Amino acid sequence: MPKCNRSHLFCALLTLILVASATAQNPAAISFNTQTKVFRIDAANQTYAFGINDKNALQPVYWGQRLGATDPLAAPHTNDGVASFDSSPTTTPNEYAAWGGGLFVEPALKVSFPDGNRDLVLKYVSHSIRDNELTITMKDIERDLAVDLRYSVDPATGIVGRSAVIVNHTKSVLTIDQAAAATWNLPRGTDYSLRYLTGRWAGEWNLQKQAILPGSIVLESRRGSTGHQNNPWFAIERGDHGDEDSGEVWFGALAWSGSWRITIERDQLQQIRVTGGYNSFDFAYRLQPEQKLETPVFYGGYSHHGIGEASRMLHRFELASILPQAPKPKARPLIYNSWEATEFAVTEPGQEALAEKAASIGVERFVMDDGWFGQRKDDHAGLGDWYVNKEKFPNGLKPLIDKVHALGMDFGLWVEPEMVNPDSDLYRKHPDWVLNFTGRPRSEARNQLVLNLARKDVRDYVFSFLDDILSHNQVAFLKWDYNRNWSEPGWPAVSPEEQKAVYVTYTKNLYGILQELRAKHPGVEIESCSGGGGRVDLGILRYTDEVWPSDNTDPFDRLRIQDGFTYAYTPGVMMAWVTDSPHWLNNRSTSLSYRFLSSMQGSLGIGANLNKWVAEDFSTSKTLIAAYKDIRETVQHGSLYRLVSPRENSEVSVTESVSIDRHQAALFAFLHSSQMGYPFPRVFMKGLDPQQIYRITPISGVAAKDTPATASGTYWMSHGIDVELRGDLQAAAFKFEASAN
Ligand code: GLA
């Protein structure tokens, strides 16, 4: 790239044009050099390369900025270490290391054979390249255990998907003790920092950042599902750039909704490895002869323009390649959800009254939450009994659904299919259907137990009652909840050696049910919810159209929750409701427009008790909902710029979304608390077309008096805009629309 001596903006533009034209000239390609035995995956702005080394093992060669097509990538060689303590398998980077031959770093695969042998050394056997997919077959040096390493590449972003298929070609049963989807190897170095996400119920999506020092950092869930506590996503930056737009960032996300683990290691030779897959804690998966285990996919990508671009790449990738409606997912409809208004006290007239009010402000989908089924009065009973409660809905759901349709909305329903209350007909009939160890206590959480979806009868039951609901009611949407983690994860119906397969089989059956339901009811959309954001990952997102990021709907807390969420996931799946003030969790009071603006940064919904609203609330909502519909495509499917972060006790925060064609942008500014009379910091926009003229229109709040009505993209990005905000918990939003002049 030529050295650029002009303004930052000019240089950024030049880079963009050069990169875009380089990408156009360089489509995605997977190649194998027969001389050097190096595989290259070139796509978008990334090259990923590894080769077959002198010992016939697969060794990483390069992962980073896209290289020139003729750039030499030498054949990799084994590193024999410098001391007897540095075994060669440990000091030689490995694409997918099996535990054997003296490996001390995190293995990708560990196996126990029935004769007691636990040594496994994988060598290259063959490979095949088909379009954007590469498969490499490896085999143990002595035993008939094969591993197919699969690589797929997304031409638009360069994101590579990696997984492994472990096949037992021996004559006896063997046990997989540990299996990862992939190990990502970064260039050796000492100045890396790791970003990851942590949380808890009502406090998800906290972005953490720490230096990668010698040793290991483990991100994991042992809970049977993804979990609120860690999310299977990481981003590693070289150096510490302190901004969103510069620096090299390697990132990845594991597509798995069961117990998982990602280990980030810096070893004694400063090598950085990221290994991710099934959590090996309490893990054992038996393979009968000719049986195989296919791991989840671990996606990885590289950004040359900081963490901001890394998350925009993931957003693009999720929308275009992961979501069930990919490559063109529909924008999320504007929903009303009854939970915070009525909790379990749902009734036909009560829901109808809410539906009328919701329709009057422009809601498009009415969702009835928990409480409509079985003997469900509170969270003590009813889960598992999926018949309509006759006291609450004497004539079934039809009258309510018809009413919702007559009001011009479609209808959605809350379900929690994987759970059962001991106080239910289902549990009384099938006490053996839950996860349990024979003779041991069954620990309840929220008065419920987990149905063992790994069992075929349970899987069939769950599918059939959901199929029934969808076949007999005009339900357009399911909010699929999951309100506890596992305890006593036993599966007494199978032999003790088979029981630990529950970690894999449960989740695969969950995916199977979702897939089958979607195939049979193609119009139905699904939300993944787990007491808020406890099951959000690229695995569940293949089958669900949206997620519920948190039960915490406090609009101020949501700024941070949403900020963290968008590092890994697109605002296009991030549901955000406007609820009541003061908020039930923090007792914080906020204006209705503040609550709207906070939620309008994602996929807007309403969860307030509309029975308490006054006329002014309805008219404010009507106006803001109409404004949201106008920018919805931009917010949900555009490019997100986190201009000022709400983290670290910042007094302000700002986000901006730009449509893909750069014709429209939406700007959201929040003042948490005025201090010492300082004016709101000037906002410098990003990602606009410098040449285009954009007209600014306030959605809510005002810009400084001298703000022009129209100005170029360059003006909004370089001169910036002053927003008039003073006081506490204030917010403003603006729309920018490109015009021909
Ligand atoms: C969970 C969900 C909530 C609500 C309740 C219903 O907590 O996250 O949104 O649906 O369950 O019981």
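How far is an oxygen atom of the ligand from an N or O atom in the side chain of Asp370? The value is 2.6 Å, and it comes from a predicted model, as does everything that follows.

**The ligand and its shell**

Asp370 has company around the ligand. The shell counts 13 residues, and the closest are Asp369, Asp370, Lys479, Asp481 and Asp551. Sorted by class, that shell holds six charged, four nonpolar and three polar residues. Here are three polar contacts, each between a ligand oxygen atom and an N or O atom of a side chain.

| Side chain | Distance to a ligand oxygen atom |
|---|---|
| Asp370 | 2.6 Å |
| Asp481 | 2.9 Å |
| Trp414 | 3.0 Å |

As for cover, the ligand taken alone would expose 310 Å², and the protein buries 96% of that.

**The parallel sheet**

Now for the sheets. One is an open, eight-stranded affair with parallel pairing, and its strands come in the order β28-β27-β26-β23-β22-β21-β30-β29. At the edges stand β28 (546–547) and β29 (575–578); each has a single partner strand, so one side of each is left without a neighbour in the sheet.

Zooming in on one pair, β21 (residues 335–337) and β22 (residues 365–368) run parallel and are joined over three bridges. Asn337 has Val367 of β22 as its bridge partner.

Two helices go with these strands. Helix α5 (residues 348–361) lies across β21, β22 and β30 (603–606), and it runs at about 155 degrees to β22. Helix α9 (residues 502–520) packs on the sheet as well, where it touches β26 (477–480) and β27 (525–528). The direction of α9 makes about 170 degrees with that of β26.

**The antiparallel sheet**

The other sheet to look at is also open, but here six strands pair in the antiparallel sense, in the order β31-β32-β33-β38-β34-β36. Its edge strands are β31 (639–644) and β36 (710–712), and each of them pairs on one side only. On average, neighbouring strands in this sheet are turned by 25 degrees against each other, direction ignored.

What about the bridges? Starting from the β31 edge, five of them join β31 to β32 (residues 652–658), with Leu640 standing opposite Ser657 of β32. Further in, β33 and β38 are joined by nine bridges and run antiparallel; Leu667 has Phe734 in β38 as its bridge partner. β38 also pairs with β34, antiparallel again, over seven bridges. In that strand, Glu737 is the bridge partner of Arg695.

This sheet gets helices too. Helix α10 (residues 555–568) packs on it and touches β31, β32, β33 (664–673) and β38 (728–739), with a direction at about 125 degrees to that of β31. Helix α11 (residues 592–599) lies across β33, β34 (693–700) and β38, and runs at about 55 degrees to β38.

**A stop at Gly101**

Where does Gly101 sit? It belongs to the loop between α2 (88–91) and β5 (109–112). Setting aside its neighbours within four places in sequence, Gly101 is in contact with Pro89, Asp119 and Val121. Between Gly101 and Glu364 there are 61 Å in space, C-alpha to C-alpha, and the two are 263 residues apart in sequence.

Note on methods. Residues are numbered from 1 along each chain as its sequence is written. This is a predicted model: local features need pLDDT of at least 70, side-chain atom pairs count only at pLDDT 80 or more; totals for chains, interfaces and linings use all residues. Side-chain values use heavy atoms; hydrogens and water are left out. Two strands pair if DSSP finds at least two bridges between them. Helices (H or I, at least four residues) and strands (E, at least two) are DSSP runs, numbered from the N terminus. Contact means heavy atoms within 4.5 Å. Axes are lines fitted to C-alpha atoms, for helices over the stretch in contact, and angles run from 0 to 180 degrees between N-to-C directions. A residue is near a molecule or strand if one of its heavy atoms lies within 4 Å of it. A polar contact is a pair of N or O atoms within 3.5 Å; within protein, one must be able to donate a hydrogen and the other to accept it, and residues adjacent in sequence count only if both atoms are side-chain atoms. Accessible areas come from the Shrake-Rupley method with a 1.4 Å probe; for residues, only the protein chains shown count as cover. Ala, Val, Leu, Ile, Met, Phe, Trp, Tyr, Cys and Pro count as nonpolar, Asp, Glu, Lys and Arg as charged, and the others, Gly among them, as polar.
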